[in-house]
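Subject: Handover of a structure and the findings from it

Dear colleague,

Please find below the structure that I am handing over to you. I should be grateful if you would read the notes beneath it with the coordinates open.

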Amino acid sequence: MAVTWNVNCLDSTKTVGSLSDVVTTVHWTATDSETVGENTYTGSSYGSIGLAAADSSSFTAYADIKESDAIAWAKAAIGADEVTAIETGIAAQITEA
């Protein structure tokens with residue numbers, strides 16, 4: 001079992017200082033599943049997280065953002081302990097099913 005993180009949507013602001021189309025929020029889904037015999041059990045979590053103010057030295061233009069970038073930003077904003085708690089909760093959902 002390995003939790004898969006996906007980005008559902010990115011919210012952006014047209015202009016922040018000299019930057020354009022700045023991502024401000026990541027809406028994410030984390031899912032996992034386990035098949036036992038003929039049955040597949042799933043668990044999931046959904047959320048959104050606001051991102052820190054954009055930094056022009058490491059800014060990525062909206063058109064160049066990869067899903068892996070947005071997932072990394074979301075996980076960093078959520079924090080390692082909370083990411084672990086989310087993934088543990090998903091595993092618990094599967095176990096309970």
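The findings follow, ordered from the strands to the core, the pocket and some single residues.

Please note at the outset that this is a predicted model.

Strands and turns

Strand S1 covers residues 4–16 and strand S2 covers residues 19–36; the two run antiparallel and are joined by 11 bridges. Within this pairing, Cys9 stands opposite His27 of S2. The hairpin formed by S1 and S2 leaves 2 residues between the strands, and Gly17 in that turn has a positive phi of about 60°.

S2 also pairs with strand S3, residues 39–50, again in the antiparallel sense and over 12 bridges. Two places help to fix the register: Asp32 stands opposite Gly43 of S3, and Val36 stands opposite Asn39 of S3. This hairpin likewise has 2 residues between its strands, and here the turn residue Gly37 has a positive phi of about 65°.

The nonpolar core

Which residues touch the most other members of the largest nonpolar core? They are Trp5, Trp28, Ile78 and Ile86, in a core of 16 residues. At least two residues of this core come from each of S1, S2, helix H1 (67–78) and helix H2 (80–96). As a general point, nonpolar side chains tend to be buried together in soluble globular proteins.

Trp28 deserves a closer look. Leaving aside neighbours within four places in sequence, Trp28 is in contact with Trp5, Asn6, Val7 and Asn8, and also with Ser45, Tyr46, Gly47, Ser48 and Ile49. Its remaining contacts on that count are Ala74, Ile78 and Ile86. Trp5, Ile78 and Ile86 are thus partners of Trp28 and are also listed with Trp28 among the core members that touch the most others.

The largest pocket

The largest pocket holds about 300 Å³ of space. Its lining consists of 15 residues, and those nearest the pocket centre are Val23, Leu51, Ala52, Ala54 and Trp73. S2 and H1 each supply at least two residues of the lining. By class, the lining has 11 nonpolar, 2 polar and 2 charged residues.

Single residues to inspect

Asp21 lies in strand S2. Its phi is near 50°, a positive value in a residue other than glycine. Is Asp21 buried, exposed or partly exposed? Asp21 has a relative accessible area of 31% and is therefore partly exposed, since that value lies between the 20% and 50% limits.

Thr25 is also placed in S2. With a relative accessibility of 18%, Thr25 counts as buried, because the limit for that class is under 20%. Not counting residues up to four places away in sequence, Thr25 touches Cys9, Leu10 and Asp11, together with Ser48, Ile49 and Gly50.

Gly50, one of those partners of Thr25, is found in strand S3. At 46% relative accessibility, Gly50 counts as partly exposed. With residues up to four places away in sequence again not counted, Gly50 touches Thr24, Thr25 and Ala77. The C-alpha atoms of Gly50 and Ala70 are separated by 11 Å, and these two residues are 20 apart along the chain.

Yours sincerely

Technical notes:
Residues are numbered from 1 along each chain as its sequence is written. This is a predicted model: local features need pLDDT of at least 70, side-chain atom pairs count only at pLDDT 80 or more; totals for chains, interfaces and linings use all residues. Side-chain values use heavy atoms; hydrogens and water are left out. Two strands pair if DSSP finds at least two bridges between them. Helices (H or I, at least four residues) and strands (E, at least two) are DSSP runs, numbered from the N terminus. A nonpolar core is a set of buried Ala, Val, Leu, Ile, Met, Phe, Trp, Tyr and Cys residues joined through side-chain atoms within 4.5 Å. Buried means under 20% relative accessible area, exposed over 50%, partly exposed in between (1.4 Å probe, protein chains only). Contact means heavy atoms within 4.5 Å. On a 1 Å grid over the protein atoms alone, a cavity is a set of points where a 1.4 Å probe fits but cannot get out, and a pocket is an open set with protein on both sides within 12 Å along at least five of seven lines; lining residues have an atom within 4 Å of a point. Grid points are joined across faces, edges and corners, and a volume is the space filled by probe spheres set on the points. Ala, Val, Leu, Ile, Met, Phe, Trp, Tyr, Cys and Pro count as nonpolar, Asp, Glu, Lys and Arg as charged, and the others, Gly among them, as polar.
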